[in-house]
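Subject: Structure for you to look at, with notes

Dear colleague,

I am passing on the structure we spoke about, with the sequence alongside. My notes follow below it, arranged by topic.

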Amino acid sequence: MEKSFTMQASAHAFEVLSKSLYKNEKLAIIRELSSNAQDAHIAAGIEEPFDLHLPTSEEPFFDIRDYGTGISEDLIYDVYTSFFLSTKTDVEDQIGAFGLGSKTPFSLVDKYFVTSYCDDRKKVYKMEKVDGLPTV
């Protein structure tokens, strides 16, 4: 008899994946989300830099804005809710491919927002832990 190994989705498993991967959560979030923004520009053929806002005492928020093609609602619900699922798995010229970077904010906070400009529409999604599990 042969049986494949699986992973059970649970608050504990999610906590291990989001908290134990990074020694410096703040730098990991900046690196991973900046890499995703750069990948979005590569995919869209954009050479200009993406926008990055780091927190200050006057403006205490972190924000990255790329000008790629955006993420469809279906991909938000598929990719953002699945570890190890990536739109870049078979792409050679982009940085990401492991399906982890978009979840890095959960290593530091329990809630964050993703804004997607796709198909001439702006949509804002709240990513939040509910009973320890991430939800959109």
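To begin with the second largest pocket, its lining is made up by class of eleven nonpolar, four polar and one charged residues. Please keep in mind throughout that this is a predicted model. The volume of this second largest pocket comes to about 270 Å³, and 16 residues line it, with A9, F14, L17, T81 and F83 lying nearest its centre. Helix α1 (11-19) and strand β5 each supply at least two residues of that lining, and α1 gives the most, namely three residues.

Aromatic pairs

F14, which has just appeared beside the pocket centre, also takes part in ring contacts. Three aromatic pairs turn up in a search of the whole structure. In one of them, the ring centres of F14 and F106 are 5.4 Å apart and the planes stand at 80°, so the pair is classed as edge-to-face, for which the angle has to be over 60 degrees. This pair links distant parts of the chain, since F14 sits in helix α1 and F106 in the loop between α3 and β3, 92 residues apart. Both partners are buried: F14 has a relative accessible area of 4%, and F106 has one of 2%. F106 also pairs edge-to-face with Y112, with 4.9 Å from centre to centre and 70° between the planes. Y112 has a relative accessibility of 12% and therefore counts as buried, the limit being under 20%. Ring pairs thus link F14, F106 and Y112 into a cluster.

Strands β3 and β4

Y112 leads on to strand β3, where it belongs to the covered face together with V114, S116 and C118, while K111, F113, T115 and Y117 make up the uncovered face. This fits a general pattern, because side chains in a regular strand alternate between the two faces of the sheet. β3 pairs with β4 in the antiparallel sense over eight bridges, and Y117 has K122 of β4 as its bridge partner. The two strands form a hairpin with two residues between them, and D119 in the turn has a positive phi of about 55°.

Which other residue in the loop between β3 (111-118) and β4 (121-130) deserves a look? D120 lies there, and its phi is near 60°, a positive value in a residue other than glycine. D120 is exposed, with a relative accessible area of 85%. A comparable entry comes after β4: D131, in the loop between β4 and β5 (133-135), has a positive phi of about 55° although it is not a glycine. D131 counts as exposed at 74% relative accessibility.

Salt bridges

As general background, side chains of opposite charge can pair when their charged atoms come close. The structure holds five salt bridges. The side chains of E15 and K129 meet in one of them, at 3.4 Å from N to O. E15 lies in helix α1 and K129 in strand β4, so this pair ties together parts that are 114 residues apart in sequence. How exposed or buried are the two partners? E15 is partly exposed, with a relative accessible area of 32%, whereas K129 is buried, at 14%.

Another salt bridge joins the side chains of E73 and K123, at 2.4 Å from N to O. Here E73 lies in helix α3 (residues 73-79) and K123 in strand β4, so the pair ties together parts that are 50 residues apart in sequence. E73 is partly exposed, with a relative accessible area of 35%, and K123 likewise counts as partly exposed, at 26% relative accessibility.

A further salt bridge links K126 with E128, their closest N and O atoms being 3.3 Å apart. Both of these residues are partly exposed, K126 with a relative accessible area of 39% and E128 with one of 22%. Finally, salt bridges that share partners join E15, D110 and K129 into one network.

With best regards

Definitions and conventions: Residues numbered from 1 in each chain as written. Heavy atoms only, no water. Helix = DSSP H or I, 4+ residues; strand = E, 2+ residues; numbered from the N terminus. Buried < 20%, exposed > 50% of the residue type's maximum accessible area, 1.4 Å probe, protein only. 1 Å grid on protein atoms, 1.4 Å probe; cavity = no way out; pocket = protein on both sides within 12 Å on 5 of 7 lines; lining within 4 Å. Points joined across faces, edges and corners; volume = space filled by probe spheres on them. Nonpolar A, V, L, I, M, F, W, Y, C, P; charged D, E, K, R; others polar. Salt bridge = Lys/Arg side-chain N within 4 Å of Asp/Glu carboxyl O. Pairing = 2+ DSSP bridges. Phe/Tyr/Trp six-rings, centres within 6.5 Å; stacked < 30°, edge-to-face > 60°.
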